[in-house]
Amino acid sequence: MLLSPNALLVKEYASLGQPFVYAVPCTPLKSEPRLIQFNEELAEQIGLQVDDLCTNQGIAILTGQQTWPGYDSIASIYCGHQFGVFVPQLGDGRAIVITEIRKGADYKQLQLKGAGPTPFSRRADGRAVLRSSIREFVASEALHALGIPTTRALSLTATPDPVFRETTEMAAVVCRVSESFLRFGHVEYFSHTNQHQELLQLLDWHIERHHSELYADDFENNPAPTLINWLKWLTQATAKLMAQWQSVGFCHGVMNTDNMSLMGLTIDYGPYGFLDKFDVDHICNHSDTHGRYSYRNQPRIGHWNLYVLASALMPLLHNDRETLQTILDEYPQQFQREHNALFAAKMGLNKQVSEEKQNEFIEYTLQMLHEHKLDMTRFFRSLSALQAPHADHSNLDKQFALWQKSSTFPWVLGDESQVESARAWLGQWMVIADNNLIGEKLNQINPIAIARNHLLQEAIAACEKGDDHVLKRLLQAVCKPYLEQPDLMDLYQAAPEWAQHLEISCSS
Ligand code: AMP
Ligand code: MG
């Protein structure tokens, strides 16, 4: 019994059939799998029986050695723009949906990443290495804990089977969970292959299931109003997602249209990175030589990707370019509004102050962080040490002293230019902050724990040697990102010097 009594195995996506989904068996790895992580909380939430999934049979299913009883696994076809270039056919090259579960209104798919090749693997091996699987597991759960929409990670299994990348690495499989794994690239594929009826069928299915409030009953005869409302929703959702990423310093690294979710989720974690030192030009993906997906560029790329999506929808909307343009034109403002609201909250800015003044202060703060390359997470976290500022400048020395006592104080004392900038900023913040929104309350908004690259690297190195303890500690920290846990203080420190030279690339 893999499912709890209130959950049902369903085939809602599978029953779409070809050309949307293709029956694809997983290919068993040769060695016995080892369960490294299992997300009990998520399992229970979606209607799985934890005890039965953590048996040998359960682990075999979560690694692709055995099939989910009663379900024929499937993979889907899509295409996309990779680094701005149209690639006519991609697809689930190493992702296979192994079951679908419905628990009341809640619907989820379970998908294995790395369980063998599919018809869409394009000569690649369909596998994932332990290194990148750990990175995907941690980031999914870290973003979720930060309240940022994302696919989730249920389990991480590994075997000693060799996988060949730049070096020989260990194979691993992540079982991820989402209400949908559809991407912008799915829409592009059916549009660019002139399968417009099929595209309508897919969107009919998708929108009715996930956005019943946007779905008009006469979709079949007149799909335009529903499609337009849905594009408006997705534009807003993507703008918000980009703002949320910026607010925690998250860089995705490969924002190709095939890695953009139709549900506005973060999806396909590869060479991502959280900012350590704040640098708007930071490029987390070593393969991204021109910085197309740098921290600064991500929101703009989100907009560009929406253009690609809207172009693919054109044939279903009588080529009504003007309506689509109007929707997309909203994006920059939607993004800016979300962005500024998030940063205003991070600093407890006074809502009585004009928006213009607040925005100026946010811009000034970010410029200062960039100029001094301060640790972004530690800077915002340290603000909770400041108390009752009032617009009283005699208070400045007292506040500065309090700030220095914070365990996350980000400035280098003794560096005159830093101290001067810190004090100047503090003076301005004291005027614009709202007493009711600061202090301890800020610790519910500014995380202390993020999945820093060097911490991931340490967890990976230990897991590769069979020691999962380092990974468990890291997950303990990032899954409770707002809580300072005394036994995890070492995980809240700024990145050490060696971490500045870590190179994370697409190869995974
Ligand atoms: P990504 O840049 O990781 O999103 O991958 C782009 C495309 O390449 C997707 O269609 C993936 O399914 C496919 N792909 C990446 N790595 C592999 C692999 N090891 N085996 C098969 N397909 C892969
Ligand atoms: Mg991908």
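Modeller: A polar contact is a pair of N or O atoms within 3.5 Å; inside the protein, one atom must be able to donate a hydrogen and the other to accept it, and sequence neighbours count only through two side-chain atoms. The model is predicted: local features need pLDDT of at least 70 and side-chain atom pairs pLDDT 80 or more, while totals for chains, interfaces and linings use all residues. Side-chain values use heavy atoms without hydrogens and water, residues are numbered from 1 along each chain as written, and chains are lettered from A and ligands numbered from 1 in the order written.

Colleague: What makes the pair of R122 and ligand 1 a polar contact?

Modeller: An N or O atom in the R122 side chain is 3.0 Å from an oxygen of ligand 1, and the limit is 3.5 Å, so the pair counts. Nitrogen atoms of ligand 1 lie 3.0 Å from a polar side-chain atom of D125 and 3.3 Å from one of R165.

Colleague: Which residues come nearest to ligand 1?

Modeller: G91, G93, R122, G126 and N259, out of 17 around ligand 1; a residue is near if one of its heavy atoms lies within 4 Å.

Colleague: Why is R176 with D268 called a salt bridge?

Modeller: The rule asks for a side-chain nitrogen of Lys or Arg within 4 Å of a carboxyl oxygen of Asp or Glu. The closest N and O atoms of R176 and D268 are 2.8 Å apart, so the pair passes. Across the interface of domain 1 and domain 2 the rule finds two salt bridges.

Colleague: Where do the domain bounds come from?

Modeller: From an automatic or database domain assignment, which gives domain 1 (8-181), domain 2 (185-339) and domain 3 (350-465 + 492-508). By contact (heavy atoms within 4.5 Å), 38 residues of domain 1 meet 40 of domain 2.

Colleague: What is the buried area between domain 1 and domain 2?

Modeller: About 3,300 Å², with carbon and sulfur atoms giving 64%. Buried area means the accessible area (1.4 Å probe) that two parts lose on being put together, summed over both. On the domain 1 side, F20, H81 and F83 supply 20%, more than any other three residues.

Colleague: What makes the Q18-P19 peptide bond and the phi of R123 worth listing?

Modeller: The Q18-P19 bond is cis, with omega about 5°, and R123, a residue other than glycine, has a positive phi near 70°. Most residues other than glycine have a negative phi, and most peptide bonds are trans.
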